[in-house]
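I opened my notebook to get my bearings in a structure I had not seen before. These are my entries, in the order I looked things up.

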Amino acid sequence: MTPDSILTGIAEFFIKGGPFMVLLVLLSVLSLTAALLRAWRLRESQILPFQVIDAVEALKPGDTLESLYHAMEDHPSATSRILGTLLSHLNWPKSENLEAVQTRARHELARMEKGLMILEMTAGAGPLIGLLGTLSGLVGIFAALGGAGDPVVVARGISEALNTTIAGLAVGVPSLIAHSYFLRRIEMQAVTMESVAAELLAKLYQPASHR
């Protein structure tokens, strides 16, 4: 098959899918854009830079916080912002500082989850729009059979029914996979951020610590 024939086949597939195919194409573009943006935003360097984590792990009671501050400044991230909240409230009691850190962590988690709603929506809406296209195609088939039974109209209805079903699943399944993947990734990153913040909190609030 030549590239031209492949492109022609793809064009015919979408054209025969009927008007609902336009919605599915727009939905697929929206889903792909949301997935790419989440992949970019959830990079390790943007959430859990190893330089900041290493600086926390290397911190010993009595050490200065200069290296940690430098690592946070050089590698701004969700973890750096959470730890920044912790360090800016060292004059507070440990329990109150912990509440401030948890509040900041919830804010960062909401930022990380931004866009997942689009993937969730497309995962559910894609197959449903495909089902609407299927029903529309079946209506065309039954209308043709009830009349003169024009084979062209019947074939057009079958194409619309099958093509929109395929397209709907082609949009919904990848969106569902991407949504589940990013949700799990966020959960794992949140656990790591929590452990890093807890480790720093424990080191700074030791009785013999020098803050």
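**Entry 1: a pair in H9.** I began with Glu187, which is partly exposed, its relative accessible area being 41%. The model is a predicted one, so I am reading computed values throughout. Glu187 pairs with Arg184 in a salt bridge whose closest N and O atoms are 3.5 Å apart. Both residues sit in helix H9, three residues apart, about one turn of the helix.

**Entry 2: how many more?** How many salt bridges does a search of the whole structure find? I got six. Glu108 caught my eye, so I followed its partners. Its side chain meets that of Arg81 in a salt bridge, at 2.8 Å from N to O. Glu108 is in helix H7 and Arg81 in helix H6, so this pair ties together parts that are 27 residues apart in sequence. Glu108 also forms a salt bridge with Arg104, again listed at 2.8 Å, N to O. This time both partners belong to helix H7, four residues apart, about one turn of the helix.

**Entry 3: buried or exposed?** I checked how covered these residues are. Glu108 has a relative accessibility of 1%, so I noted it as buried, the cut-off being under 20%. Arg81 is partly exposed at 28%, and Arg104 is partly exposed at 26%. I then found that Arg81, Arg104, Glu108 and Arg111 are linked in a network of salt bridges.

**Entry 4: H7 itself.** Does the length of H7 come out as expected, or what does it span? Helix H7 covers residues 94-113, and its 20 residues should span 28 Å at 1.5 Å a residue; the end C-alpha atoms are 28 Å apart, which agrees. Its buried residues are Asn97, Ala100, Val101, Glu108 and Met112. Looking down the axis of H7, I see these within an arc of 120 degrees, so they line one face of the helix. Exposed residues Glu99 and Arg106 are on the face turned away from that buried side. After H7 comes Gly115, with a positive phi near 105 degrees.

**Entry 5: H4.** I tried the same view on H4. Val52, Ile53, Ala55 and Val56 are its buried residues. They fall within an arc of 160 degrees seen down the axis, so they line one face of H4.

**Entry 6: the core.** Next I asked which residues have the most contacts inside the largest nonpolar core. They are Leu68, Leu83, Leu86, Leu87, Leu200 and Leu204, in a core of 34 residues. Helices H2, H4, H5, H6, H7, H8 and H9 each supply at least two residues of this core. H9 gives the largest share, nine residues. I jotted down a general point beside this: in soluble globular proteins, nonpolar side chains tend to be buried together.

**Entry 7: nonpolar on the outside.** Which residues make a nonpolar patch on the surface? I listed Leu128, Leu131, Leu132, Leu135, Leu138 and Phe142, which form a patch of about 580 Å². Leu135 lies in helix H8, residues 116-146, and is partly exposed at 44% relative accessibility.

**Entry 8: one last leucine.** I ended on Leu169, in helix H9, which runs over residues 151-204. Leu169 is partly exposed, with 47% relative accessible area. From its C-alpha atom to that of Ser180, 11 residues apart along the chain, I noted a separation of 16 Å.

Methods:
Residues numbered from 1 in each chain as written. Predicted model: local features only at pLDDT ≥ 70, side-chain atom pairs only at ≥ 80, totals over all residues. Heavy atoms only, no water. Patch = residues over 30% accessible without salt bridge, like charges linked within 9 Å, V, L, I, M, F, W, Y side chains within 5 Å. Areas by Shrake-Rupley, 256 points an atom, 1.4 Å probe, with all protein chains shown as cover. Salt bridge = Lys/Arg side-chain N within 4 Å of Asp/Glu carboxyl O. Buried < 20%, exposed > 50% of the residue type's maximum accessible area, 1.4 Å probe, protein only. Expected span 1.5 Å × (residues − 1). Arc of directions from axis to C-beta. Core = buried A, V, L, I, M, F, W, Y, C linked by side-chain atoms within 4.5 Å.
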